[in-house]
Amino acid sequence: MAEIIRPSTVLPAQRTPFHVITSDGVDLIGEVSSPLGQSKGAILTLHPLPIAGGMMDSHVYKKAASRLPAMAGITVVRFNTRGTTSEAGSSSGEFDNGGAEGLDVQAMIDYCFDVLKLENLWIVGWSFGTDLALRHAKDPRHKGLILLSPPLRTTTDEELVYWNSDPRPITALVPEHDDYLKPEEAKARFAIVPKLTIIPVEDAKHLWLGEPAVHRVLSEINRIVTGESAALPLEF
């Protein structure tokens, strides 16, 4: 019998912890959550601001890892950037406000392709993670960017303009009540990247609190990664 999806729901998947060493010797810790059957695609998640509590277990990403492998056939790769701690442990190194974290992003992309051999990989950033994606996720092997609550805190206009020369799609989910960049403000800031698609999300806030907000985010990720247009079911 199907059960209602709840915040604590953890569906079947193969969950494997890992360590990745960056080019400057930082030890990143993380976990891969893979479908028990064939994978239809994958996401590499870049978490919110560590000095404000962001980590690989930030709730949207933890729920993605708990649900998407079984519900959508999507592999979810989560990790802590340098100097960040979660229940799984701590990555070494020190927080660098998005600068040296570029080495973390590249090391993880290399790991996804060279070790995990993932296909149809998308980069998903949330808040601080969106700046990491826009500034550093330029590796030609991934399929594109999915941005959740982009604050454009450290991304410069010059870094945004780069994406006009890159053919891959970028989609930004912008909460109606975001604390940093609401939909109309996002449209103005992102105007220099005309190809970028902005999806305003009604009643949502920066942290995507509440099951309706999480369901919308995970459904949009599934749509972009797998091409399935229907929203994820509310039961499994």
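1. Start with the pairing of strands 7 and 8. In this predicted model, strand 7 (residues 121-126) and strand 8 (residues 145-148) run parallel and are joined by 4 bridges. If you want a spot to click on, W126 stands opposite L148 of strand 8. The link between the two strands goes through helix 3 (residues 128-136), and the three elements make a right-handed β-α-β unit.

2. Strand 8 has a partner on strand 9 as well. Again the two run parallel, with 4 bridges between strand 8 and strand 9 (residues 170-177). L148 turns up here too, with L173 as its bridge partner in strand 9. Helix 4 (residues 157-162) sits in the second right-handed unit I'd point out, made of strand 8, helix 4 and strand 9.

3. Which way do the side chains of strand 8 point? L145 and L147 go one way, I146 and L148 go the other, and all of them are buried. So much for strand 8.

4. Now the whole sheet. It is open, has 8 strands in the order 1-2-4-3-7-8-9-10, and its pairing is mixed. Strand 1 (14-21) and strand 10 (197-205) are the edges, each pairing on one side only. On average, neighbouring strands are turned by 20 degrees against each other, direction ignored.

5. On the other side of strand 7 comes strand 3 (residues 41-46), which runs parallel to strand 7 and is joined to it by 5 bridges. One pair to look at here is I43, whose bridge partner in strand 7 is W122.

6. Two helices to look at against the sheet are helix 1 and helix 6. Helix 1 (residues 59-72) packs on the sheet and touches strands 1, 2, 3, 4, 7 and 8; its direction makes about 155 degrees with that of strand 4. Helix 6 (residues 211-226) also packs on the sheet, touching strands 3, 4, 7, 8, 9 and 10, and its direction makes about 160 degrees with that of strand 10.

7. I checked helix 6 for length. Its 16 residues should span 22 Å at 1.5 Å a residue, and the end C-alpha atoms are indeed 22 Å apart. Its buried residues include A213, V214, V217, L218, I221, I224 and V225, along with S219, E220 and N222. Right after the helix comes G227, with a positive phi near 85 degrees.

8. E220 deserves a second look. Its side chain meets that of R216 in a salt bridge (3.0 Å, N to O). Both residues lie in helix 6, 4 residues apart, about one turn. An α-helix has 3.6 residues a turn, so residues three or four places apart point the same way. Is each of these two residues buried or partly exposed? E220 counts as buried at 11% relative accessibility, while R216, at 29%, counts as partly exposed.

9. On charges elsewhere: the structure holds 14 salt bridges. One of them joins D104 and R82, with the closest N and O atoms 2.7 Å apart. D104 lies in helix 2 (residues 101-115) and R82 in the loop between strand 4 and strand 5 (85-86), so this pair ties together parts that are 22 residues apart in sequence. Both D104 and R82 are buried.

10. Last, R141 and D139, whose side chains meet in a salt bridge (2.9 Å, N to O). R141 is partly exposed, with a relative accessible area of 32%, whereas D139 is buried, at 8%. Salt bridges with shared partners join D110, D114, D139 and R141 into one network.

Note on methods. Residues numbered from 1 in each chain as written. Predicted model: local features only at pLDDT ≥ 70, side-chain atom pairs only at ≥ 80, totals over all residues. Heavy atoms only, no water. Buried < 20%, exposed > 50% of the residue type's maximum accessible area, 1.4 Å probe, protein only. Pairing = 2+ DSSP bridges. Right-handed = clockwise from strand over helix to strand, strands pointing away. Axes fitted to C-alpha atoms, helices over the stretch in contact; angles between N-to-C directions. Contact = heavy atoms within 4.5 Å. Expected span 1.5 Å × (residues − 1). Salt bridge = Lys/Arg side-chain N within 4 Å of Asp/Glu carboxyl O.
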